[in-house]
Amino acid sequence: MNEEQRSLLLKSSSRFPPPQGVKLSYGTAGFRADASILESTVYRVGILAALRSLKTKSVIGLMITASHNKVSDNGVKIADPSGGMLTQNWEPFADALANASDPGDLVRLIIEFVKKENIPFEGVCPAEVLLGRDTRSSGRSLLEAAKQGVSSIVGAIALDMGVLTTPQLHWMVRARNKSMKASEVDYFEQLSSPFRCLMDLIPEGSKINEMDDKLIVDGANGVGGEKLAGLKKMFNSLVIDVRNSGKEGGVLNEGVGADYVQKEKVVPCGFGPSDVGLRCASLDGDADRLVYFLVLPKDNNIDLIDGDKILSLFALFVKEQLAILNTNGNEKINNYYHARLGVVQTAYANGASTDYLKKQGLEVLFTPTGVKYLHEKAAEFDIGIYFEANGHGTILFSEEFLCWLEARDNELSSMSKGSEQKKAALRLLAVSKLINQAVGDALSGLLLVEAILRHMGWSIHIWNALYQDLPSRQLKVKVVDRTAVVTENAETVVVKPPGLREAINAEIAKYPQGRSFVRPSGTEDIIRVYAEASTQDAADSLGNSVARLVDKFLGFSSSS
């Protein structure tokens with residue numbers, strides 16, 4: 001590192017002293033905390049983003065958001081060249097950078113890391129970082145801190161893309177690195193064109209009743225509601241009533257949003273008795289999660305249609321199109337491809353959804369909790385679909401499969417134009433363009449749900465009736481040391497401490513359709529307990545029993 005670069009880093013970092021007594025950790029959601037203590041962290045993540053751009057010789061993204069957290073919080077995370085999350089290999093460096101005690105320590109860390117990673121430095125190649133933020137008022141000052149961080153690396157450029165959903169920023173990074181147009185207008189066109197294609201290919205007779213023509217969306221008083229209000233103008237065939245758009249004076253994520261609806265299982269603000277029986281959906285604060293729901297006649301309760309059911313809908317549709325595509329019609333198939341379709345879940349997926357998917361003949365795999373694990377496993381398939389129950393998920397298509405699909409589509413154009421096989425090829429190509437393959441995207445997911453429901457001729461009631469969720473309960477137990485719990489088999493089996501697995505299995509055996517697992521929190525000394533059984537009382541009882549076992553083996557009483 002030359003003296004100019006060293007001096008620039010020392011000078012700029014001295015303006016962003018780290019908060020005293022705070023240790024931050026980069027997780028799946030990046031860094032998150034009260035916005036008042038984040039300026040130093042966001043500045044340093046700006047440095048990291050510039051270094052990542054130099055290392056990969058690609059455009060990198062930096063998003064300022066705290067997603068479904070309360071409005072006083074904020075956060076920052078990196079989008080890698082693929083549009084996915086920051087590679088796990090760089091997370092320890094992110095932690096070290098954020099927690100460096102002073103400018104000198106910070107510069108030493110950077111010098112060591114640049115050498116270790118062999119990053120081309122000092123103007124050898126340019127660095128480019130796209131910046132986005134959600135609607136939080138704290139985002140403006142944090143954006144300036146990010147710009148300062150990026151520009152503290154000589155030759156690095158920060159481009160402010162404005163107020164965006166998190167998925168938009170990820171999509172823009174992916175598009176730029178594929179040499180595609182990457183403005184917000186391009187993003188909207190990327191959604192609208194394949195959606196119209198899917199609508200045009202709906203089979204005759206697949207019309208749902210008039211009541212279901214309207215979709216009511218809770219925008220969480222965040223950026224997603226704002227963007228959807230603009231996007232819906234591009235469609236004549238879709239009637240969307242956007243509530244909690246952020247323009248009516250509501251508070252971001254307060255009594256609204258996908259996280260609130262999914263966890264509390266009650267109607268969000270702005271919904272009531274007049275919405276009973278109608279198709280409703282909810283986005284989270286930065287629009288990377290989506291759930292649907294039905295308002296029930298009394299007590300503000302809902303029927304939740306969560307990420308598991310969205311996954312099931314997508315999997316059924318893709319499986320159907322693959323089956324049509326590979327049937328031998330009148331023409332000779334010169335170019336057959338047995339695509340491997342896989343569904344990826346975590347242990348938190350409702351057991352009823354897993355049973356349903358397996359009964360449909362789908363390959364179901366499990367990963368540890370966290371989008372980074374789901375995304376990585378889904379990428380191993382020709383078509384991989386993953387969703388968490390919280391509504392975050394997407395569909396990934398391999399480049400090899402898409403190349404074959406385009407060739408097959410061209411072949412069908414010359415041999416069987418207008419055939420069912422041709423339509424199936426067009427539908428799958430449209431899905432690959434409509435769905436955001438970089439990250440879970442509530443807006444693209446919502447459009448795909450709407451297109452598939454119309455294709456199937458299904459109301460939300462029919463969709464909801466695919467299977468009945470098993471009652472479940474989630475609990476937290478404070479422990480002395482969370483690292484004392486070690487799990488395997490995608491966190492479904494506890495192997496340490498000795499004896500805990502056997503004790504849990506003995507409890508599970510007492511309940512019809514019983515299932516329970518424990519896993520350590522990633523950030524605090526808490527063990528999370530999940531329990532499932534045939535009735536809510538049984539699920540509650542099983543959860544409480546397992547929580548007592550955790551406390552017995554690992555709690556404060558066990559250490560006294």
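Which residues line the second largest cavity? In this predicted model, the lining of the second largest cavity is made up of Y26, G27, T28, K77, I78, M85, L86 and E91. By class, these residues divide into four nonpolar, two polar and two charged, and the space they enclose has a volume of about 40 Å³.

Several of these lining residues return when one turns to K372, a residue of helix α12. Apart from neighbours within four places in sequence, K372 is in contact with T28, M85, Q88 and E91, and T28, M85 and E91 are among the residues that line the second largest cavity. With E91 the contact is also a polar one, since the side chains of K372 and E91 are joined at 3.3 Å. Is K372 buried or exposed? K372 counts as buried because its relative accessibility is 16%, which is under the 20% cut-off for that class.

Helix α12 leads on to an open space, the second largest pocket, to whose lining α12 gives the most, with four residues. This pocket holds about 480 Å³ of space, and the elements that give two or more residues to its lining are α12, which spans residues 371-378, and strand β14, which spans 393-397. The lining comprises 23 residues, and those nearest the centre of the pocket are S82, G84, M85, H375 and A438. M85 therefore appears in three settings, being one of the residues nearest the centre of the second largest pocket, a residue lining the second largest cavity and a contact of K372, where contact means heavy atoms within 4.5 Å. In composition, the lining of the pocket is mixed, with nine nonpolar, eight polar and six charged residues.

The record offers a further view of this part of the chain. In an unreviewed entry, UniProt lists residues 56-89 and 127-177 under "domain: Alpha-D-phosphohexomutase alpha/beta/alpha". Over residues 56-89 the chain is 3% helix and 38% strand, whereas over residues 127-177 helix accounts for 49% and strand for 29%. The end C-alpha atoms are 13 Å apart in the stretch 56-89, and a separation of 13 Å is also found between the end C-alpha atoms of 127-177.

How many cavities of 30 Å³ or more does the structure hold? There are two such cavities, and the largest contains about 50 Å³ of space. Its lining consists of D288, L290, I310, F314, F387, G391, G393, I435, D441, A442 and G445, with helices α10 (307-325) and α15 (442-456) as the elements that give two or more residues. Six of the lining residues are nonpolar, three are polar and two are charged.

A second set of positions comes from the record, again from an unreviewed entry: under "binding site", UniProt lists E388, A389, N390, R519, P520, S521, G522, T523 and R528. Among them, R519 has its place in strand β18, which covers residues 515-520, while S521 lies in the loop between β18 and β19 (526-532). R519 is classed as buried because its relative accessibility is 11%, and S521 is buried as well, with a relative accessible area of 4%. Leaving aside neighbours within four places in sequence, R519 is in contact with Y348, T369, T487, E491, I526, I527 and R528, and its side chain makes a polar contact of 3.2 Å with that of E491. For S521, the corresponding contacts are R482, I526 and R528, so that I526 and R528 are in contact with both R519 and S521, while R528 is itself one of the listed binding-site positions.

The backbone, finally, has some features worth inspecting. Most residues other than glycine have a negative phi, and most peptide bonds are trans. The peptide bond from K496 to P497, however, is cis, with omega near 5°, and P497 lies in the loop between β17 (493-496) and α17 (500-508). N118 has a positive phi of about 55° and is placed in the loop between α4 (103-117) and β4 (127-133). N244, in the loop between β7 (239-243) and α9 (258-264), likewise has a positive phi, near 55°. The surroundings of these two asparagines can be told apart by accessibility, as N118 is exposed, with a relative accessible area of 66%, whereas N244 counts as buried at 10%.

Note on methods: Residues numbered from 1 in each chain as written. Predicted model: local features only at pLDDT ≥ 70, side-chain atom pairs only at ≥ 80, totals over all residues. Heavy atoms only, no water. UniProt positions renumbered as here; feature names shortened; annotations may be inferred. Buried < 20%, exposed > 50% of the residue type's maximum accessible area, 1.4 Å probe, protein only. Polar contact = N/O pair within 3.5 Å; in protein donor to acceptor, adjacent residues only side chain to side chain. 1 Å grid on protein atoms, 1.4 Å probe; cavity = no way out; pocket = protein on both sides within 12 Å on 5 of 7 lines; lining within 4 Å. Points joined across faces, edges and corners; volume = space filled by probe spheres on them. Nonpolar A, V, L, I, M, F, W, Y, C, P; charged D, E, K, R; others polar.
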